[in-house]
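Visitor: I am new to this structure and should like to understand the terms used for it. May I ask how each description is justified?

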Amino acid sequence: MSKTRILVTGGTGYIGSHTTVELINAGFDVVIIDNLSNSNREVLDGIEAITGVRPAFIEGDVNDLSTLDCIFQAYPGIEGIINFAASKAVGESVQKPLLYYRNNLNSLMNLLEMVEKYNVKGFVFSSSCTVYGEPDVNPVTEESPIKPATSPYGNTKQISEEIITDTIRSGANFNAIILRYFNPVGAHPSALIGELPLGVPQNLIPYLTQTAIGIRKELSVFGNDYDTPDGSCIRDFINVVDLAKAHVIAVKRMIEGKSLDCIEIFNLGTGNGVSVLELIDTFESATGVKVPHKIVGRREGDIEKVWANPKKANEVLGWVADTPLADTMVSAWKWQQHLAEKKS
Ligand code: UD1
């Protein structure tokens with residue numbers, strides 16, 4: 001029996017590469033398109049080293065319809081698409097809104113066109129807990145209100161969800177699953193793939209691990225005067241491999257015709273709110289490595305606290321994010337060490 005073929009856009013990126021590994025391990029045939037704007041070809045070596053399989057790779061841009069057409073002709077029978085190809089830096093999106101709207105929305109519309117043209121059965125979209133803004137109540141469920149976006153990046157996630165919903169409601173003959181990620185962190189336990197930050201990291205974990213290894217002098221903790229037990233912000237940090245596995249379940253569900261609705265939305269989080277200071281403590285005790293840090297002022301636009309109610313994903317998908325946070329921190333640290341070894 002031939003393997004079910006899945007197109008993974010942005011498949012050499014952070015979450016895309018981990019998902020590709022899990023798809024291959026689950027017996028899927030993966031085709032990747034990535035423009036390498038925030039990743040590199042060596043990620044394919046990591047995927048191959050872990051799985052023993054080198055996925056088909058096309059260096060190209062999802063914004064280019066003719067490239068997509070060529071892929072669907074060269075790799076017939078694609079049954080599912082998992083769409084990771086998007087820009088994701090909140091601050092940059094405020095500086096370059098058109099880049100974000102063009103890149104994140106054009107690519108989505110192109111892919112939806114391909115879904116209809118080539119009879120793809122299932123479409124998985126990477127959304128974010130950013131759609132809930134600053135929630136009135138935690139943990140947030142999928143029914144929690146959508147708040148006005150605070151950045152063009154966040155707005156692209158909201159608009160993308162609407163574009164997908166409208167397309168499905170128009171009677172298009174496919175299913176979609178929207179996955180709202182909380183804060184994905186960590187790396188594959190093999191330390192052969194992980195997050196590749198370009199320049200100075202904006203996100204907490206890459207900044208923390210770079211500080212722990214001495215690339216950065218100290219980590220700035222943005223605010224300790226929030227209305228939380230220790231005053232620092234609270235997030236729901238979810239292991240990237242756990243997150244990747246949810247994509248495999250989602251795409252399978254649609255291909256096997258098991259969706260309960262043609263569009264389904266799931267929160268992907270652990271259900272545990274952890275503060276920035278608690279996270280630093282967890283990292284230090286799990287790895288034995290100290291992270292020099294200081295408290296500075298709040299970062300503009302930050303949410304005070306948000307964590308998931310993942311009950312729907314737990315019950316409907318049969319998926320749980322159960323990797324202990326300490327293990328996730330060890331994986332992030334091993335990955336940082338792997339990057340340092342490669343450089344030396
Ligand atoms: C943000 C976006 C999210 C996006 C994610 C990845 C919002 C509300 N959230 O998440 O949608 O998917 O980026 O790009 O737009 N922190 C420090 N010091 C640092 C870095 C971060 O204290 O050097 C703190 C932040 O203040 C925050 C927490 O760590 O409280 C997590 O920050 P970060 O990793 O940047 O993710 P979010 O802002 O939660």
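The conversation below takes up one residue, a sheet, two empty spaces and a helix with its surroundings.

Guide: Please keep in mind that this is a predicted model.

Visitor: Why is Glu142 called buried?

Guide: Its relative accessible area is 11%. Buried means under 20%, so Glu142 is counted as buried. Its place is in the loop between β5 (122-128) and α6 (152-169).

Visitor: Which residues does Glu142 touch, leaving aside those up to four places away in sequence?

Guide: They are Tyr132, Arg180, Ile265, Phe266, Asn267, Asn309 and Lys312.

Visitor: What makes the approach of the Glu142 side chain to the backbone nitrogen of Asn267 a polar contact?

Guide: The side chain of Glu142 reaches that nitrogen at 2.7 Å. The cut-off for a polar contact is 3.5 Å, so the distance meets it.

Visitor: How far is Glu142 from Ala286?

Guide: The two are 144 residues apart in sequence, and their C-alpha atoms are 32 Å apart in space.

Visitor: What is the order of the strands in the open sheet?

Guide: The sheet has 7 strands in the order β3-β2-β1-β4-β5-β6-β11, with parallel pairing.

Visitor: Why are β3 and β11 said to stand at the edges?

Guide: β3 (56-59) and β11 (263-268) each have a single partner strand, so one side of each has no neighbour in the sheet. From one strand to the next, the twist averages 15°.

Visitor: How do you know that β4 and β5 are paired?

Guide: Strand β4 (residues 78-83) is joined to β5 by 4 bridges, and the two run parallel. Pairing requires at least two bridges, so β4 and β5 qualify. Within this pair, Ile81 stands opposite Phe123 in β5. Helix α8 (residues 240-255) packs on the sheet, where it touches β1 (5-9), β4, β5, β6 (175-181) and β11. The direction of α8 makes about 165° with that of β6.

Visitor: What makes an empty space a cavity rather than a pocket?

Guide: In a cavity a 1.4 Å probe fits but cannot get out, whereas a pocket is open. The structure holds 1 cavity of 30 Å³ or more. The largest cavity has a volume of about 100 Å³. It is lined by 14 residues, and Glu195, Ile205, Pro206, Thr209 and Trp335 lie nearest its centre. The elements giving two or more residues to this lining are α7 (204-212) and α11.

Visitor: What is the volume of the second largest pocket, and which residues are closest to its centre?

Guide: Its volume is about 530 Å³. Of its 26 lining residues, Leu196, Pro197, Trp335, Leu339 and Lys342 are the closest to the centre. Helix α11 gives the largest share of the lining, 7 residues.

Visitor: Why is α7 described as mostly covered?

Guide: The description rests on 7 of its 9 residues being buried. They are Ile205, Pro206, Leu208, Thr209, Gln210, Thr211 and Ala212. The cover over them includes β7 (183-185), β8 (219-222), α9 (276-287) and α11.

Visitor: What makes the side chains of β8 alternate?

Guide: In a regular strand the side chains alternate between the two faces of the sheet. Along β8, Leu219 and Val221 point to one face and are buried, while Ser220 and Phe222 point to the other and are not. Strand β8 also pairs with β13 (residues 293-296) in the parallel sense over 4 bridges, and Leu219 stands opposite His293 in β13.

Conventions: Residues are numbered from 1 along each chain as its sequence is written. This is a predicted model: local features need pLDDT of at least 70, side-chain atom pairs count only at pLDDT 80 or more; totals for chains, interfaces and linings use all residues. Side-chain values use heavy atoms; hydrogens and water are left out. Buried means under 20% relative accessible area, exposed over 50%, partly exposed in between (1.4 Å probe, protein chains only). Contact means heavy atoms within 4.5 Å. A polar contact is a pair of N or O atoms within 3.5 Å; within protein, one must be able to donate a hydrogen and the other to accept it, and residues adjacent in sequence count only if both atoms are side-chain atoms. Axes are lines fitted to C-alpha atoms, for helices over the stretch in contact, and angles run from 0 to 180 degrees between N-to-C directions. On a 1 Å grid over the protein atoms alone, a cavity is a set of points where a 1.4 Å probe fits but cannot get out, and a pocket is an open set with protein on both sides within 12 Å along at least five of seven lines; lining residues have an atom within 4 Å of a point. Grid points are joined across faces, edges and corners, and a volume is the space filled by probe spheres set on the points.
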